[in-house]
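Reader: I have a structure open and would enjoy talking through how its pieces pack. Could you walk me through it?

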Amino acid sequence: MDPALEVEQRRLAVLADPTRSRILRLIRDRADQRALVGELAGALELTQPTVSHHMKSLLAEGFVVREPEGRRVWYAIAPDEYDRVSAFLGGSASADPDVDRIVDDLALRFRGVFAAETVRSIVADSLELLRRDGAATPYLASRTAAFASSRLDALARAAGEPDDTPEVLFVCVQNAGRSQLAAGILRHLAGDRVRVATAGSEPATEVRSTIVAALDEIGVPATGDFPKPLTDEAVQAASVVITMGCGDACPVLPGRRYLDWALDDPAGLPLSEVRGIRDEIARRVRDLYAELVPTA
């Protein structure tokens, strides 16, 4: 392997670790954009040695710098790496979403299908589910609108007359790796012949960069999908539910077909190892697609 490519893959793997991503996001989103290990440990509910271990990895790859101040040591994102780290993390936490505007727009979209009170309830619940237990969530307003819209769509389909379009729900733990690979590949193959949704039992904040890169390599574009929590509406609307490592988190409803795909978790793996997981998922997705749409 090209030594430069090997170094790049190693650095991506360091960034892709969920805990390190959260550390970097906490630092970036602070007013002074720096933090002490003790502060990070408290915010993440981790021990200081654990946080120090992650900081050592980030420091070794040049993503953060140490700023001693008396007996304390502050950590900040390295200036030369700030743009790259920020692009990897996605947008910073925005101001509180304009809930009234989101509700008004969705009430107009679903006029004649749902009352405004129902729309407001779904929007408020979606906002709380996406807040990530107080962690900074990028693009919170637009994600709330998109998440609420998808839930309302699912509710409408579940309550309406059934159609012949199969709907597949892919569920993994963080909705940032396996489920995103499977969904991206199926959307690419099926177009509008199959509806595709994803969810996570413990969703992350962003889809991992190695997942986006692994899809891009085979011509599957990033769709702008983002990790979202598993909801009853998503299961109710699905005809096939495929779980990948999330245990019993998915409710079992009658009339749905359930499959469990035993696959390695790509979290923290370099792109060279993610490719193998991607190709195994692609094989299974192709078999599923041929079964769901036999004349394709």
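Reader: Glad to have it in view. In which strand is the place of Thr 243?

Author: Happy to start there, with the reminder that this is a predicted model. Thr 243 has its place in strand E6.

Reader: Is Thr 243 buried or exposed?

Author: The relative accessibility of Thr 243 is 9%. Buried means under 20% relative accessible area. Thr 243 therefore counts as buried.

Reader: Which residues is Thr 243 in contact with, leaving aside its neighbours within four places in sequence?

Author: One distance helps to set the scene: Thr 243 and Leu 263 are 20 residues apart in sequence, and their C-alpha atoms are 9.9 Å apart in space. With neighbours within four places in sequence left aside, the contacts of Thr 243 are Val 171, Cys 250, Leu 259, Asp 260 and Trp 261.

Reader: Which helix gives the most to the largest nonpolar core?

Author: That core has 30 residues, and those with the most contacts inside it are Val 168, Phe 170, Leu 186, Val 194, Ile 242, Met 244 and Ile 281. At least two residues each come from strand E4 (167-172), helix H9 (178-190), helix H10 (209-217), strand E6 (240-244) and helix H12 (271-292). With eight residues, the helix that gives the most to this core is H12.

Reader: What does Ile 242 touch, not counting residues up to four places away in sequence?

Author: Ile 242 is among the residues with the most contacts inside the largest nonpolar core. Not counting residues up to four places away in sequence, Ile 242 touches Val 168, Leu 169, Phe 170, Val 171, Leu 259, Trp 261 and Leu 288.

Reader: How many residues are in the second, separate core?

Author: Leu 15, Ala 41, Met 55 and Leu 89 are included in that second core. Its total is 20 residues.

Reader: Back to H9 and H12: are they parallel or oblique?

Author: Two packed helices are described by the angle between their axes and the distance between the axes. The axes of H9 and H12 come within 9 Å and cross at roughly 45°. That angle makes H9 oblique to H12.

Reader: And how many nonpolar residues are in the contact of H9 with H12?

Author: The crossing of H9 and H12 is right-handed. From H9, Arg 178, Leu 181, Ala 182, Ile 185, Leu 186, Leu 189 and Ala 190 meet Ile 277, Arg 278, Ile 281, Ala 282, Val 285, Arg 286 and Tyr 289 of H12. The contact of H9 with H12 has three charged residues, no polar ones, and a nonpolar count of 11.

Reader: Are H2 and H3 parallel or perpendicular?

Author: The axes of helix H2 (residues 18-29) and helix H3 (residues 37-44) come within 11 Å and cross at roughly 115°. H2 is therefore, relative to H3, roughly perpendicular.

Reader: Which residues of H3 make the contact with H2?

Author: H2 passes H3 in a right-handed crossing. On the H2 side, the contact is made by Arg 22, Ile 23, Leu 26 and Ile 27, and on the H3 side by Leu 40, Ala 43 and Leu 44.

Reader: Are H6 and H8 parallel or perpendicular?

Author: Helix H6 (residues 99-109) and helix H8 (residues 140-159) have axes that come within 11 Å and cross at roughly 30°. Angles under 35 degrees count as roughly parallel. The relation of H6 and H8 is therefore roughly parallel.

Reader: How many charged residues are in the contact of H6 with H8?

Author: H6 brings Ile 102, Leu 106 and Arg 109 to the contact, while H8 brings Ala 141, Ala 145, Ala 148, Ser 149, Leu 152 and Asp 153. Of the residues in the contact of H6 with H8, six are nonpolar, one is polar, and the charged ones number two.

Reader: Is Asn 175 buried or exposed?

Author: Asn 175 lies in the loop between E4 and H9. Its phi is near 55°, a positive value in a residue other than glycine. At 0% relative accessibility, Asn 175 counts as buried.

Reader: One last loop: what is the relative accessibility of Gln 33?

Author: Gln 33 lies in the loop between H2 and strand E1 (35-36). Phi of Gln 33 is near 55°, again a positive value in a residue other than glycine. Gln 33 counts as partly exposed because its relative accessibility is 34%.

Terms used. Residues are numbered from 1 along each chain as its sequence is written. This is a predicted model: local features need pLDDT of at least 70, side-chain atom pairs count only at pLDDT 80 or more; totals for chains, interfaces and linings use all residues. Side-chain values use heavy atoms; hydrogens and water are left out. Axes are lines fitted to C-alpha atoms, for helices over the stretch in contact, and angles run from 0 to 180 degrees between N-to-C directions. Helices (H or I, at least four residues) and strands (E, at least two) are DSSP runs, numbered from the N terminus. Angles under 35 degrees count as roughly parallel, over 145 as roughly antiparallel, 65 to 115 as roughly perpendicular and the rest as oblique. Contact means heavy atoms within 4.5 Å. Ala, Val, Leu, Ile, Met, Phe, Trp, Tyr, Cys and Pro count as nonpolar, Asp, Glu, Lys and Arg as charged, and the others, Gly among them, as polar. A nonpolar core is a set of buried Ala, Val, Leu, Ile, Met, Phe, Trp, Tyr and Cys residues joined through side-chain atoms within 4.5 Å. Buried means under 20% relative accessible area, exposed over 50%, partly exposed in between (1.4 Å probe, protein chains only). A crossing is left-handed if the near helix is turned anticlockwise from the far one by less than a right angle, and right-handed if clockwise.
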